[in-house]
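Welcome, and thanks for taking a look at this one. Please open the structure below and keep it in view while you read the briefing.

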Amino acid sequence: MLHALVRFVFMTIIRFFYRQIAVRGRDNVPAGGPLLVVANHPNGLLDPLVIRVALGREIGFMAKAPLFENPLGKLTMDSFAAVPVYRTKDGRDTSANDKTFDAVDARFGDGRWVVIFPEGHSHSEPSLQRVKTGAARLSLSSEAKRDFGLGLQILPVGLVYEDKGRFRSRVSAVVGAPLAVAAYRDAYAADEWEAAQQLTADMASAIADVMLEAESDEVWHGFLAVARWTDPDSVHDVAACEARAKDLSAAYSRLMQENPAEAEAIANDARRFVSMLEAIGVDNPFDLERPAPPTLYRVARNASWYAAFVVPAVVGVILNALPYYVIAPLSHRIAGKDVDIVSTVKALAGLLFYPLTWVGEAALAGWMWGPWAAIAVGAAGPLTGIAAVRFFERLDSRRGAVIGTWLRFTRGSVVDAIAARRSELAGRVNAALAS
């Protein structure tokens with residue numbers, strides 16, 4: 001019961017922290033049978049939870065041993081069927097991993113699913129790091145114990161976070177075609193080590209195929225930005241944005257080989273376009289286009305919605321301002337240079353500070369006005385907090401359109417110049433994609 005409660009809390013947090021967890025390639029997910037999910041690892045402890053949401057299945061995972069060494073950490077890890085990995089850099093005896101391999105092997109024997117991050121650590125590099133052989137050796141060993149009749153498959157998943165440390169940002173999980181471990185039977189019989197090396201290389205290639213990779217953070221974020229500028233669907237659909245960004249990455253690599261001067265010219269034009277948008281305070285250039293006139297019904301509906309939620313939203317800001325404004329700087333301070341764990345720290349800090357704030361406010365209200373006030377304020381904390389998030393997200397989604405309308409009236413020539421630049425840039429990008 002306690003484990004179920006912990007799972008519910010953390011899965012609720014992950015679904016709320018990221019407003020969209022999209023999946024591309026869902027048809028590649030096997031219907032059943034033992035499965036090893038292998039993925040890139042850009043975002044600390046939130047990665048396995050995102051994969052769990054994306055695939056819609058109960059999936060255990062492997063986590064570093066220190067996470068199991070306090071009661072709360074062990075409770076959380078056990079709630080998600082995690083198994084400890086003992087690493088030299090954590091000062092642990094790696095021989096204890098024999099029990100870890102046995103535990104994962106038993107799960108495969110029961111037809112269960114496990115996720116492993118074969119890079120061995122989370123990071124913020126814009127490309128796949130060296131993939132270690134442990135996942136391949138474990139997979140081959142499990143199949144060999146059962147004369148390669150287990151039916152174990154390896155499913156590559158690529159995670160792309162628009163802005164992994166930002167609350168209410170979006171994530172795309174790309175699922176590739178599974179690898180059948182039994183296909184390496186002959187190679188394993190000939191040379192176990194070579195078979196593990198071959199499977200590791202194939203696994204790394206499969207993960208790279210579903211990832212968005214780039215030579216630098218600037219270029220990586222540039223692919224996502226250009227995808228949004230040149231394709232209206234990519235503005236609202238993170239899976240469409242990721243797919244187009246990956247196509248852009250491939251086209252850019254191809255153009256760098258065939259015509260590096262043109263590739264660099266497009267990149268420089270994209271940078272200048274960023275500067276133009278920043279100068280007028282617009283994120284989405286499509287906001288500058290003239291929208292269709294709203295219907296009376298739509299205006300009335302939106303006005304009614306804002307009228308209904310404005311008071312709860314203001315109350316939500318008042319009741320939740322303290323943890324909201326404390327958690328972000330605190331998380332960055334705790335994470336330091338390890339930016340790949342900022343969102344993990346934010347989620348855990350939120351789990352601690354928000355309830356403490358609500359309890360404290362309820363206690364204060366009870367002391368001042370009595371028990372019914374305590375109950376009301378205690379319930380209002382989380383409920384109005386959610387209302388505030390929804391209200392300001394909806395308001396922010398219309399901010400760009402309002403700015404665009406204002407600019408069309410006051411600085412029409414600037415808007416025309418930006419529209420022309422976007423159109424020209426989109427044409428060159430689309431030409432590069434088509435070549």
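What follows is a short tour, from the whole chain down to single residues.

This is a predicted model. The chain has 435 residues, and buried residues make up 46% of them. Its fold contains 15 helices and eight strands. The topics below take in a helix pair, a pocket, a cavity and a handful of single residues.

**The chain as a whole**

- If you follow the C-alpha trace along its principal axes, the chain spans about 75 × 70 × 40 Å.
- Among contacts with a sequence separation of 6 or more, 73% join residues that are 24 or more positions apart.

**Helices α1 and α2**

- Two packed helices are described by the angle between their axes and the distance between the axes.
- Helix α2 covers residues 46-55, and it packs against α1 at an angle of about 90 degrees, with the two axes 10 Å apart.
- Angles of 65 to 115 degrees count as roughly perpendicular, so α1 and α2 are roughly perpendicular to each other.
- From α1, the residues that meet α2 are R7, F10, M11, I14 and R15, and their counterparts in α2 are L46, L49, V50, R52 and V53.
- Sorted by class, this contact of α1 with α2 has seven nonpolar and three charged residues, with no polar ones.

**H3, in helix α1**

- H3 sits in helix α1, which runs over residues 2-17.
- Is H3 buried, exposed or partly exposed? Its relative accessibility is 33%, and the partly exposed class lies between 20% and 50%, so H3 counts as partly exposed.
- Apart from neighbours within four places in sequence, H3 is in contact with L75, D78 and S79.
- H3 and M77 are 74 residues apart along the chain, and 9.4 Å separates their C-alpha atoms.

**H41 and the second largest pocket**

- H41 belongs to the loop between β2 (35-39) and α2.
- With a relative accessible area of 11%, H41 is buried, because buried means under 20%.
- Not counting residues up to four places away in sequence, H41 touches D47, F117, E119, H121, S122 and H123.
- H121 also turns up in the second largest pocket: K64, V85, R87, G120 and H121 are the closest to its centre of the 37 residues that line it.
- The space in this second largest pocket is about 1000 Å³.
- Which elements give two or more residues to the lining of the second largest pocket? They are β3 (60-64), α4 (97-109), α5 (134-145) and α13 (342-369).
- Strand β3 provides the largest share of that lining, with four residues.
- By class, the lining of the second largest pocket has 16 nonpolar, 14 polar and seven charged residues.

**The cavity**

- Rolling a probe the size of a water molecule over the atoms shows where empty space is left.
- How many cavities of 30 Å³ or more are there? The count comes to one.
- The largest cavity holds about 30 Å³ of space.
- Its lining is made up of P285, L288, E289, I418, A419 and R422.
- In class terms, the lining of the largest cavity has four nonpolar and two charged residues, and no polar ones.

**Two positive phi angles**

- A81 is not a glycine, yet it has a positive phi of about 55 degrees.
- You can find A81 in the loop between α3 (71-79) and β4 (83-85), and it is partly exposed, with a relative accessible area of 22%.
- F148, likewise not a glycine, has a positive phi of about 55 degrees.
- F148 lies in the loop between α5 and β6 (153-161), and it is buried, with a relative accessible area of 12%.

**S249, in helix α10**

- S249 has its place in helix α10, residues 238-258.
- The relative accessible area of S249 is 12%, so S249 is buried.
- Leaving out neighbours within four places in sequence, S249 has contacts with L212, E213 and F223.
- The C-alpha atoms of S249 and V219 are separated by 8.9 Å, with their positions 30 residues apart along the chain counted as the distance apart.

Terms used:
Residues are numbered from 1 along each chain as its sequence is written. This is a predicted model: local features need pLDDT of at least 70, side-chain atom pairs count only at pLDDT 80 or more; totals for chains, interfaces and linings use all residues. Side-chain values use heavy atoms; hydrogens and water are left out. Buried means under 20% relative accessible area, exposed over 50%, partly exposed in between (1.4 Å probe, protein chains only). Contact means heavy atoms within 4.5 Å. Axes are lines fitted to C-alpha atoms, for helices over the stretch in contact, and angles run from 0 to 180 degrees between N-to-C directions. Angles under 35 degrees count as roughly parallel, over 145 as roughly antiparallel, 65 to 115 as roughly perpendicular and the rest as oblique. Ala, Val, Leu, Ile, Met, Phe, Trp, Tyr, Cys and Pro count as nonpolar, Asp, Glu, Lys and Arg as charged, and the others, Gly among them, as polar. On a 1 Å grid over the protein atoms alone, a cavity is a set of points where a 1.4 Å probe fits but cannot get out, and a pocket is an open set with protein on both sides within 12 Å along at least five of seven lines; lining residues have an atom within 4 Å of a point. Grid points are joined across faces, edges and corners, and a volume is the space filled by probe spheres set on the points.
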